[in-house]
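Hi,

Here is the structure I promised to pass on. Have a look at it first, and my notes follow below.

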Amino acid sequence: MMTESAELWIRLKDGRNICERYNQLAMAEFMREAMIERMSRGEPVVCYDGEEQSIPADAIKRIDLLLAHHTRRQSAMI
């Protein structure tokens, strides 16, 4: 069984984007829901894009979940 990887893109109101990558879709979904819950309470969202960042809830425009695409290569037998 292949595990699907995913990315969370935190879109900020100032136009910047922060990307977090996850090896499992279920973990990305869980983290997105946790971030949205924190935002709804007005709490900062903590994310990791090379280093830990704390983003104020009112600075976030939206949080998108995207499936990561992998290219499969097949070798030709001659």
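**Salt bridges and core**

There are 8 salt bridges in the structure, a salt bridge being a side-chain nitrogen of Lys or Arg within 4 Å of a carboxyl oxygen of Asp or Glu. Before the details, a word on the source: this is a predicted model, where local features need pLDDT of at least 70 and side-chain atom pairs count only at pLDDT 80 or more, while totals for chains, interfaces and linings use all residues. Residues are numbered from 1 along each chain as its sequence is written, and side-chain values use heavy atoms, with hydrogens and water left out.

One of the salt bridges pairs R11 with D64, at 3.0 Å from N to O. This pair ties together distant parts of the chain, with R11 in strand 1 (residues 6–12) and D64 in strand 5 (residues 60–67), 53 residues apart. (Helices, H or I of at least four residues, and strands, E of at least two, are DSSP runs numbered from the N terminus.) Both R11 and D64 are buried; buried means under 20% relative accessible area, exposed over 50%, and partly exposed in between, with a 1.4 Å probe and protein chains only.

Compare D14 and R16, whose side chains meet in a salt bridge at 2.9 Å, N to O. D14 counts as exposed at 52% relative accessibility, and R16 is partly exposed at 47%.

Then there is E43 with R41, where the closest N and O atoms are 3.0 Å apart. E43 is partly exposed, at 27% relative accessible area, and R41 is partly exposed too, at 46%. Shared partners join E37, R38, R41 and E43 into one salt-bridge network.

Now the inside. The largest nonpolar core (buried Ala, Val, Leu, Ile, Met, Phe, Trp, Tyr and Cys residues joined through side-chain atoms within 4.5 Å) has 13 residues, and I10, M35 and I60 have the most contacts inside it. Strand 1, strand 2 (17–22), helix 1 (25–40), strand 3 (45–48) and strand 5 each give two or more residues to this core, with strand 1 giving the most, 4 residues.

What does I60 touch, leaving aside its neighbours within four places in sequence? I60 is in contact (heavy atoms within 4.5 Å) with I10, R11, L12, K13, M39, V45 and I55. Of these, M39 sits in helix 1 and is partly exposed, at 24% relative accessible area. M39 and I60 are 21 residues apart in sequence and 8.4 Å apart in space, C-alpha to C-alpha. Not counting residues up to four places away, M39 touches V45, A57, I60 and I63.

Cheers
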